[in-house]
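Please open the model in your viewer and keep the sequence panel beside it, since each stop on this tour asks you to select something and then look at what is there.

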Amino acid sequence: MGSASSSAQRFMLFQSLHTASQSGDNNWDQLIALLSKGEQAAHRAQLDALAQKFASGQQVVLDELRSGGLFLDWELRFMQLGLAVGNLANVYRRLAEHYRLLTEFQQRFRRASRLPLLLVGGFILLVPLLLLVSRQLQPSEALVAIVFGLAPLGLLSAIAAGLWHRRESPCVQRFCYRLPGIGRALAGYQSYHYVNHLGECIAAGMPLAQALKQAARRMPDSPVRARYERIASEVGAGEKFSVALMRSGALAGVALPAAGAGDARQVPAQLSLAIHQSCEEQLNFWASSLPFLLLGLIPYLVVLNAWFLLR
């Protein structure tokens, strides 16, 4: 999700927008709510022409948001959903939560990287220098050993930077979603967005079939987006929502809440909470674990230094 600004900056942006939207004199959000309610009322009264006018008013608002260049395409999809349900403030809150999680992941990843980088750096720099001081290597040999030791670390850094720079590319996304463990975490996070979309549509009074279509349409582009469109298609063809949802794989690995006799409209919120907990656990695990893959360079460095020592 490309942006020139950091995730922390975008967290502050959406958190500020959410705070501003909660003020009592916010005419902007009142206008959005009126446009949404007007469109829904016109649909219920089967006044399609009037409903289209209300929808056109929402589109004008969205075009203004897009023309400013401040928001990313996938963020605008979320905001378009907020316009449709008349609750843009909740979308601001959700986007702020997204960037909060991303910021925490990056901070945890950097903290976890310190020890592996220290160990790998020790093998790259200290071992050749110790061999040089003990006169077992010539200065030129120690320098070449350090250069060859740094080469794979530099290559990995270049690959990681390239993947991050092109993270919106379909090819890069397919690659990331196929990685063991990581792909499952990414797919689970998309399901978290989807269930939240669905909950907002249902809370706004949309029929289930319309809510499913609206939720799928506003999802970010990803390799798993088709599963949410397939759910809407299957339910539209007469399949039960619960069956279509389970068959889609959207809830794989999620500890589902116990079924109760409460209001069915609470189900999306319960699912959202369960998926959020699963996503946060996986994000914390990978942020703490991924840096230790760097330790896989140590056998290479041991062999490299041994080769210079024995040649």
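The tour begins with the whole chain and then moves to a pair of helices, the loop that joins them, and a further helix pair.

Bear in mind from the start that this is a predicted model. With the whole protein displayed as a cartoon, you will find 13 helices and zero strands, so that the pattern read along the sequence is one α after another, α-α-α-α-α-α-α-α-α-α-α-α-α. If you then switch to a surface, the accessible area comes to about 17300 Å², and 63% of that area belongs to carbon and sulfur atoms. Of the 311 residues, 42% count as buried. Among contacts in the protein with a separation of 6 or more, 67% are made by residues 24 or more positions apart.

Next, select helix H5 (88-133) and helix H6 (139-165), together with the loop between them. How do H5 and H6 run relative to each other, roughly parallel or roughly antiparallel? Their axes lie 7 Å apart and pack at an angle of about 160 degrees; because angles over 145 degrees count as roughly antiparallel, the two helices are placed in that class. The crossing of H5 past H6 is right-handed. To see the contact itself, show side chains for Gln106, Ile124, Leu125, Pro128, Leu129 and Leu132 on the H5 side, which meet Pro139, Ala142, Ala145, Ile146, Gly149, Leu150, Leu153 and Trp164 on the H6 side. Coloured by class, this contact has 12 nonpolar residues, two polar ones and no charged ones.

Stay with the loop between H5 and H6 and select Arg135, which is located there. Its phi is near 65 degrees, a positive value in a residue other than glycine. Is Arg135 buried or exposed? With a relative accessible area of 75%, Arg135 is exposed, because that class begins over 50%.

Finally, keep H5 displayed and add helix H1 (residues 7-21), whose axis comes within 8 Å of the H5 axis and crosses it at roughly 155 degrees. H1 and H5 are therefore also roughly antiparallel to each other, but H1 passes H5 in a left-handed crossing. Residues to show on H1 include Phe11, Phe14 and Leu17, while those on H5 include Tyr92, Leu95 and Tyr99. The contact of H1 with H5 has 10 nonpolar, six polar and three charged residues. Gln106 of H5 deserves a last click, as Gln106 takes part in the contact with H6 and also in the contact with H1.

Note on methods. Residues numbered from 1 in each chain as written. Predicted model: local features only at pLDDT ≥ 70, side-chain atom pairs only at ≥ 80, totals over all residues. Heavy atoms only, no water. Helix = DSSP H or I, 4+ residues; strand = E, 2+ residues; numbered from the N terminus. Buried < 20%, exposed > 50% of the residue type's maximum accessible area, 1.4 Å probe, protein only. Contact = heavy atoms within 4.5 Å. Areas by Shrake-Rupley, 256 points an atom, 1.4 Å probe, with all protein chains shown as cover. Axes fitted to C-alpha atoms, helices over the stretch in contact; angles between N-to-C directions. Parallel < 35°, antiparallel > 145°, perpendicular 65-115°, else oblique. Left-handed = near helix turned anticlockwise from the far one by under 90°. Nonpolar A, V, L, I, M, F, W, Y, C, P; charged D, E, K, R; others polar.
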